[in-house]
Amino acid sequence: MSITAQLHDSVKLQGGAALVDGFGLESRAHAPCRALLQNGHELEVYDLHEVFAGELAPTTVFPLPWPGWDRGVHSVSPDATFAVFSGQRAVRAVGPGGELLWEYRHGCWGPLLGHAHTGDEQEVCNGLEHGSCRVSDDGRLVWAHVVLDPEEQDWQECWVVLDARDGRELARLPLDSAASGSHHISHPDGLHMGLCIGMGQDGIMLHWARWDGEKLTGWDLNETLDRILMDVHPGHPGFLTLEHYGTDLRLHALDGTVLAEGAPEPSDEEDPLCWDYGCGFVDADTVIASTVDCDEDPDRACHWLLDARTLRIRGAITYPTGRVDGYARPLGDGTWLTYDNASGTLRRWTEATS
């Protein structure tokens, strides 16, 4: 079955590709979606709804704290009064003028164990490995994936909860990962935080936790080390994951129980389809997923809509502008984004009404 997409909005936005195939989109429950786009030595913050309304100036701009460091996944407080940056050797909170609010120092993400530093805090070591951080939806906490200081013990990654006011460590959870990178997703219930750690060919580690003000409670879903945390939605108590190599999507309860599973269709035993990394909730009833990387055949390389509760495929999406080669990034409000790299155009789509 073919499902026709209807163009909702479009705008030319430099760097907008990060909203679709990177970590440039920051969404929170009961708040407008934001674009966090790196432009030179600055992180520009946009209200996505204002962008599509024609306001192309960023609402806030934060200077990047470390010249030469372009890794890590960063976060901005709900009121946009500060940004938190995940660096190679520290998590740093800064104000819009670049003023340092606090810094939480940790071990170096550089892959060479025991390597020396020059003492220059701006020094960037070799390596692509990085952590991530996330300001909680109430703005009171900062969750960060870091490497422990080698003076504390040998190489050890951990998940820390920091006081957003001063960077004071409130709790930590030791991890068994060896990350190439990571990202956070805050659950719409305002209590739970998810952490997804990519370890390259060694698989994926997935953790959930909550901090009740006194105790950090965490649990992992790492029996197979192969599921990527993709999305959450206020209409679902759990979360959506993708198998590391794209063989299936799964809907989970918050404790990890599998509620539904969906594989790409149609399949070919000799050349099976796989889901790409761009997928998530269009709304509480619909999931979007893509197979654009799997095949050059336009009938197989496309975006698909699925039932959000059963993950059964409803149909392939047909766009009035022609084939869309990139990923799709849903916004959870009934719309999704695509980005045309050739023209620099960000488009927002919805399912056409009959």
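W208 counts as buried in this predicted model, with a relative accessibility of 0%. F239 is likewise buried, and its relative accessible area is 0%. The cut-off behind both statements is a relative accessible area under 20%, so a residue at 0% falls within the buried class.

**Aromatic pairs**

The structure holds three aromatic pairs. One of them is formed by W208 and F239, whose rings are tilted with 40° between the planes and stand 5.2 Å apart, centre to centre. W208 belongs to strand 16 (residues 204–211) and F239 to strand 19 (residues 239–243), so this pair ties together parts of the chain that are 31 residues apart in sequence.

Y319 and W349 form another aromatic pair, which is edge-to-face. Y319 is located in the loop between strand 25 (313–318) and strand 26 (329–330), while W349 is part of strand 28 (residues 345–351). This pair links distant parts of the chain, 30 residues apart. Both Y319 and W349 are buried.

The geometry of these two pairs is set out below.

| Pair | Centre to centre | Between the planes | Arrangement |
|---|---|---|---|
| W208 and F239 | 5.2 Å | 40° | tilted |
| Y319 and W349 | 4.7 Å | 70° | edge-to-face |

**A sheet of four strands**

Strands of a sheet pair through backbone hydrogen bonds, in either a parallel or an antiparallel manner. In this model, an open sheet of four strands follows the order 10-11-12-13, and its pairing is antiparallel. Strand 10 (132–135) and strand 13 (169–174) each have a single partner strand, so they stand at the edges, and one side of each is left without a neighbour in the sheet. From one strand to the next, the twist averages 15°.

Within this sheet, strand 11 (residues 141–147) and strand 12 (residues 157–163) are joined in the antiparallel sense over seven bridges. One position illustrates the pairing: V146 has C158, in strand 12, as its bridge partner.

**A hairpin**

Strand 20 (residues 249–252) and strand 21 (residues 258–262) also pair in the antiparallel sense, over four bridges. Here L251 stands opposite A260, a residue of strand 21. The two strands form a hairpin with five residues between them. Which residue in this hairpin takes a positive phi? The residue is G256, with a value near 100°.

Key: Residues numbered from 1 in each chain as written. Predicted model: local features only at pLDDT ≥ 70, side-chain atom pairs only at ≥ 80, totals over all residues. Heavy atoms only, no water. Pairing = 2+ DSSP bridges. Axes fitted to C-alpha atoms, helices over the stretch in contact; angles between N-to-C directions. Phe/Tyr/Trp six-rings, centres within 6.5 Å; stacked < 30°, edge-to-face > 60°. Buried < 20%, exposed > 50% of the residue type's maximum accessible area, 1.4 Å probe, protein only.
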